[in-house]
Amino acid sequence: MKRKIDVFDDSGYICKAMKKGILLTTKSREQVNTMTIGWGMLGIDWGKPIFIAYVRESRFTRQMLEENGEFTVNIPYGGVDAKILGYCGTKSGRDTDKIRDLNLTLEEPTTISVPGIRELPLTLECRVIYKQKQDLDALPAAILDRFYPVEAHFGGRDCHIAYYGEIVDAYLIE
C-alpha cells in the first residue's frame, strides 16, 4: 500500500536523510539499478516540484538516465541497514545486480516506469525535464581540487550532470 505525501511537508526529513545517504534508482530496458547519493536539491522550478540529482558522467546510472529519463528517489524512513547504502555507493551496476545482491524488494511505480524500493519507503517518482553538465571552469579551485581531482582513467576530471526531475508522485510505501 502507498500513502501519498506532500513532498514539501516532508522536505526537512528528506534533506536530513540526504546527509546520511539515499538511493537514486533508474531503469533501462528491463534492468533496474540503484546508487547511493548524498547530493541533491529539492525545490520548485518552472512552477513544478523538482528534485535535482547530481550524477557523475562516468556512472552507469548516468547511462541509464540518458536512455530512460526517469528515476525514483528512495529515502529511509525510520532507519535503514547501513550495508545497503554502503554497498550501493561502492559497487557499479555495470558489474553486478545490486538489487539482487542485497535482496531488495522492488515496489511497482505509480506514474513512471522506475520502481521504488520497499526497504527505503519514502519514494519520489521523477521525470527528467532538464539536465545540465557542470561547468568546472566556473568552480573555485578548492572545490575542484577536493571534489574533481584529475584522474587519468577518466581522461581528466569526472564532473557531474545535474538532472532536474519533476516530482510526478510522492508516497510512503507501507
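A salt bridge is a side-chain nitrogen of Lys or Arg within 4 Å of a carboxyl oxygen of Asp or Glu. The legends below describe close-up views of a predicted model.

**View 1. Glu107 and Arg118 form a salt bridge.** The closest N and O atoms of this pair are 2.6 Å apart. Glu107 belongs to strand β7 (residues 106-107), while Arg118 sits in the loop between β8 (116-117) and β9 (122-133), so the contact links distant parts of the chain, 11 residues apart. Glu107 counts as buried because its relative accessibility is 11%. Arg118, with a relative accessible area of 36%, is partly exposed.

**View 2. A salt bridge joins Glu166 to Lys48.** Here the closest N and O atoms lie 3.9 Å from each other. Glu166 is part of strand β12 (residues 160-173) and Lys48 is part of strand β5 (residues 48-56), so the pair ties together parts that are 118 residues apart in sequence. Lys48 has 31% relative accessibility and therefore counts as partly exposed. The structure holds nine salt bridges.

**View 3. Arg100 pairs with Asp101 in a salt bridge.** The closest N and O atoms are 3.3 Å apart. Arg100 counts as exposed, at 57% relative accessibility. Asp101 counts as partly exposed, at 32%. Side chains of opposite charge can pair when their charged atoms come close.

**View 4. Trp46, Ile129 and Tyr130 make a nonpolar surface patch.** The patch measures about 320 Å². Trp46 is found in the loop between β4 (40-45) and β5. With a relative accessibility of 55%, Trp46 counts as exposed.

**View 5. Helix α3 (residues 82-90) has three named buried residues: Ile84, Leu85 and Cys88.** They cover an arc of only 95 degrees around the axis, which means that they lie on the same side of α3. Exposed residues on the other side of α3 are Ala82, Lys83 and Thr90. The buried residues of α3 pack against two helices, α1 (11-20) and α4 (98-101), and against two strands, β2 (22-28) and β3 (31-37).

**View 6. Asp81 caps the N-terminal end of helix α3.** A side-chain oxygen of Asp81 lies 2.9 Å from the backbone nitrogen of Lys83. Lys83 is among the exposed residues of α3.

Definitions and conventions. Residues numbered from 1 in each chain as written. Predicted model: local features only at pLDDT ≥ 70, side-chain atom pairs only at ≥ 80, totals over all residues. Heavy atoms only, no water. Helix = DSSP H or I, 4+ residues; strand = E, 2+ residues; numbered from the N terminus. Buried < 20%, exposed > 50% of the residue type's maximum accessible area, 1.4 Å probe, protein only. Patch = residues over 30% accessible without salt bridge, like charges linked within 9 Å, V, L, I, M, F, W, Y side chains within 5 Å. Areas by Shrake-Rupley, 256 points an atom, 1.4 Å probe, with all protein chains shown as cover. Arc of directions from axis to C-beta. Contact = heavy atoms within 4.5 Å. Polar contact = N/O pair within 3.5 Å; in protein donor to acceptor, adjacent residues only side chain to side chain.
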